[in-house]
Amino acid sequence: MGARGRLRHGVRQIEIWLEAEREQLVLWLPVAFGGGIAAWFLLPDAARWLGFTLSALALALVAVALPGGGRAPRVLAVAGLALAAGCALVWWRSDHVAAPVLARPAVVLVTGRVERVERLPARGMVRVTLAPQGHADLPPRIRVSLDQADAVAGIAPGAVIRLRARLMPPPDAAVPGAYDFARVAWFAGLGATGRGFAPIAVVRPAAAPGADLRARLSDHIQSRIAGSGGGIASALATGDQGAIAEEDAEAMRRSGLAHLLSVSGLHVTAVTAAAMLLVLRLLALSPALALRWRLPLVAAGAGALAAVGYTLLTGAEVPTIRSCAAALLVLLALSLGREAITLRLVAAGALLVLLLWPEALAGPSFQLSFAAVTAIVALHESPRVRGWFAPREERRGRRLLRGLASLLLTGLVVELALMPIGLFHFHKAGVYGALANIVAIPLTTFVIMPLEALALALDLVGLGAPLWWLAARALDLLLWLAHTTASAPGAVAALPAMPGGAYALIVAGGLWVALWRTRVRWAGVLPFAIGMGWALLTPPPDLLVTGDGRHLAIRMAGGEMALLRDRAGDYTRSVLGENSGAEDAALLLLSDVPGARCSPDLCLVELDAGARRWRVLATRSGYLVPWREMIAACRAADVVVSERRLPPGCAPRWLKLDRDTLARSGGVAIRFSDANVRTVRRGGGHPWLDPLRVQPPFAPASNPQAAGDQAARAGEGTPRLR
């Protein structure tokens, strides 16, 4: 057979395969659309975005022009159009939400209308989103955090307040692979964040004081159940997680139960099903109604109203809207007599969300929720699995065992789907989540949420106390389960920042296995395995430097990470620990490490990597080191790190990371073994990296004593490097 014959045979085989998979082809439409969105986030500038869009359109035109017709050209044409549309949509969206960003930190007097209030009692704070009024030199939307004691009663959506605040631009990711708040803030329209100070004046109260049902309901629940249990109960009812103590929230994350705290598909499904069951049973009590009305259709309508109302009550966040849309599609399918829960439904929900919020693709919430749902539906659509767990005549004990086996298998598959996503975004994932969820999901769905709903209903007549007590005990059991699972040996798998290529292979392989139905699907195991191997075998960074140059973590000879400053905050320690693959508690202090030479101003450390010895020098205070001494120290070092602008004569042998350099690059991760350097900004042209900026005037110093202390410190002697 000649080359032309082999080509024809290959094309014919592809057509046969696509014909066998014709029912699955539509599932790839949101995948291609999301691929275009992902390309926009990954490609660095407008020239490449335009090039990608035009290339995708060219692919579609070439596919249309191919002779002979067939299914393959149509698939290529639709894929090209979807790729181009995804890239163009998120590009347009980024320009559409564009708003000025604060140029640099400033202390200002702000008068603004309250758009949103988030109460965080576990942290003793209240977070307020404001739209400044009469401030042409401020961004159109800012967010400030207030001490709970300073938050006056009149702070509510719609009110106008005045306060003094220290604002700063939304920060980039601290180091490569860390959470990029600047990107999230850009699409949310936030131009500045900061801290507000008392006194806070209510210039104009809200139009309807006390009308914030969500806040009042959260306060009511937390008054009935104290501590983190009340915070979890509040999160289940309103989505407000502010009352959950950090140690309990961390235990929920480490045990794989954190999804219970975010209002998503599980919660919306429970509320919808409860509303349908209640309406159906009540209406069925009347024979006349049962004969004249289609009660399942009426119950579906009640379930839809419950889903929409619950979504609005919990703040209408994107994950909740996504779950609500999916619930409405399920109810519509049931009303039309169609099979409700299918991969087509999941694909329709994903495409709807991406059309409305294309930026959601880059966030962990979208990826985790759709990965979990896709894994569950794909598993139970499998004929073999459906045959294993289909209802049948058998003893109750055997039926219970098969139900538990179904839960365990589903949990394991979901954990396998979610673990790479958790490792990519959070650099750690719970290992025993499948086992913990076997208890936690039924406990939450069938015990805690019904008890809480009944207690709220009985509170209308003052009889809810016994049910609140029972709900509190069930919540104590949930927290005990979280802490027990989180503290088990090997409960958490930790991994430093995962390469983007490895993550792409994992996602592509997982989708290939989940969305096809013929044997070709198992070819996806290969890229999935290659991606996981790549991620696991990628060496962790040896040096992490935050974008402000104040903090760094360096890997010592024994593999442990050491911090430059002993006063690094919890957030900084967490970021540096997670992205280096180390636990926060395992981080050392560089000045305590044998072999490191540190003074209050400078630290010098040497380490062996890549067949050579590296010398790293870092400043660790705001005091200036004498010019000649600094120049000499720079020349003897390979890498110099400083939060200040170093003199031009400071010329290390390899890399200088001072204020000017880090302003261009952002945070830096370095692997010495192969001289690999990764930066946060990577020379990209995304709008949040170089936005239009506004600069408000600085307010006079409000704390003369603090200014005097700073001046006194500036007059102290300059310590030397030992």
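Of the 722 residues in the protein chain of this predicted model, 46% count as buried. The secondary structure of the chain comes to 24 helices and 20 strands. Below is a friendly tour of the overall fold, followed by two strand regions worth a look in your viewer.

**Overall dimensions and surface**

- The protein chain has a radius of gyration of 29 Å, which agrees with the value near 27 Å that a compact globule of 722 residues would have.
- Along its principal axes, the C-alpha trace spans about 95 × 85 × 50 Å.
- About 35800 Å² of the protein chain is exposed, and carbon and sulfur atoms supply 64% of that area.

**Contacts and charges**

- Take the contacts between residues at least 6 apart in sequence: 64% of them join residues at least 24 apart.
- The side chains of the protein chain include 73 positive and 51 negative ones.
- The centres of these two charge sets lie 6 Å apart.

**Strand β3 and its partners**

- Strand β3 covers residues 125-132, and eight of its eight residues are buried, so the strand is largely enclosed by the rest of the structure.
- From β3, the residues M125, R127, T129 and A131 point one way, while V126, V128, L130 and P132 point the other way.
- Both of these groups are buried, with R127 and T129 in one and V126 and V128 in the other.
- Strand β2 (residues 106-120) runs antiparallel to β3, and eight bridges join the two.
- Within that pairing, R116 has T129 of β3 as its bridge partner.
- The hairpin of β2 and β3 has four residues between the strands, and G124 takes a positive phi near 65° there.
- Strand β4 (residues 142-147) also pairs with β3, again antiparallel, through six bridges.
- T129 turns up here too, with R143 in β4 as its bridge partner.
- Taken together, T129 is bridged to R116 and to R143.

**The open sheet from β13 to β17**

- Five strands make up an open sheet with mixed pairing, in the order β13-β14-β15-β16-β17.
- The edges are taken by β13 (597-598) and β17 (655-657), each with a single partner strand, so one side of each is left without a neighbour in the sheet.
- Inside the order, β14 (residues 602-609) and β15 (residues 612-619) pair in the antiparallel sense over eight bridges.
- If you would like a residue pair to locate this pairing, D608 has R613 of β15 as its bridge partner.

Notes
Residues are numbered from 1 along each chain as its sequence is written. This is a predicted model: local features need pLDDT of at least 70, side-chain atom pairs count only at pLDDT 80 or more; totals for chains, interfaces and linings use all residues. Side-chain values use heavy atoms; hydrogens and water are left out. The radius of gyration is taken over C-alpha atoms; the globule rule is 2.2 Å times the number of residues to the power 0.38. Buried means under 20% relative accessible area, exposed over 50%, partly exposed in between (1.4 Å probe, protein chains only). Contact means heavy atoms within 4.5 Å. Accessible areas come from the Shrake-Rupley method with a 1.4 Å probe; for residues, only the protein chains shown count as cover. Lys and Arg count as positive and Asp and Glu as negative; His and the chain ends are not counted. The place of a charge is taken as NZ of Lys, CZ of Arg, CG of Asp or CD of Glu. Two strands pair if DSSP finds at least two bridges between them.
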